[in-house]
Amino acid sequence: MAEAKRATVYFEADVHKALRLRAAEAERSISEMVNEAVRQALAEDLDDLAAAAERRKEPALDFATFVRDMKRRGRL
């Protein structure tokens, strides 16, 4: 593991119990599980940012225009 930094995190009691049980079952520490979950969340954020950057060039379409177009096409 890379250099570890200490942080205090407060979990709700039932979340902490579930983490402890899951960690014991998986023979892993809570820290390992939390680090993995945070890395996954950050990776998802990175994917979302990349998708948003790709769509940035798309023309904006406001709701009213979209609904009028649906009506014009017989979809409403």
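A residue is called buried when its relative accessible area is under 20%, exposed when that area is over 50%, and partly exposed in between, using a 1.4 Å probe and protein chains only. With that in hand, let us walk through the charged side chains of this structure. Please keep in mind that this is a predicted model, in which local features need pLDDT of at least 70, side-chain atom pairs count only at pLDDT 80 or more, and totals for chains, interfaces and linings use all residues. Residues are numbered from 1 along each chain as its sequence is written, and side-chain values use heavy atoms, with hydrogens and water left out.

Our topic is the salt bridge, meaning a side-chain nitrogen of Lys or Arg within 4 Å of a carboxyl oxygen of Asp or Glu. The structure has six of them.

A good place to start is the pair Glu58 and Arg55, whose side chains form a salt bridge with an N to O distance of 3.1 Å. Glu58 is partly exposed at 43% relative accessible area, while Arg55 is exposed at 54%.

Now move along to Asp69, which is partly exposed at 25%. Its salt bridge with Arg72 brings the closest N and O atoms to 2.3 Å apart. These two residues lie three apart in helix α3, residues 63-72, and so are separated by about one helical turn; a helix here is a DSSP run of H or I with at least four residues. Arg72 is exposed, at 64% relative accessibility.

Asp69 also meets Arg73 in a salt bridge, at 3.0 Å from N to O, and Arg73 is partly exposed at 45%. Together, Asp69, Arg72 and Arg73 make up a network of salt bridges.
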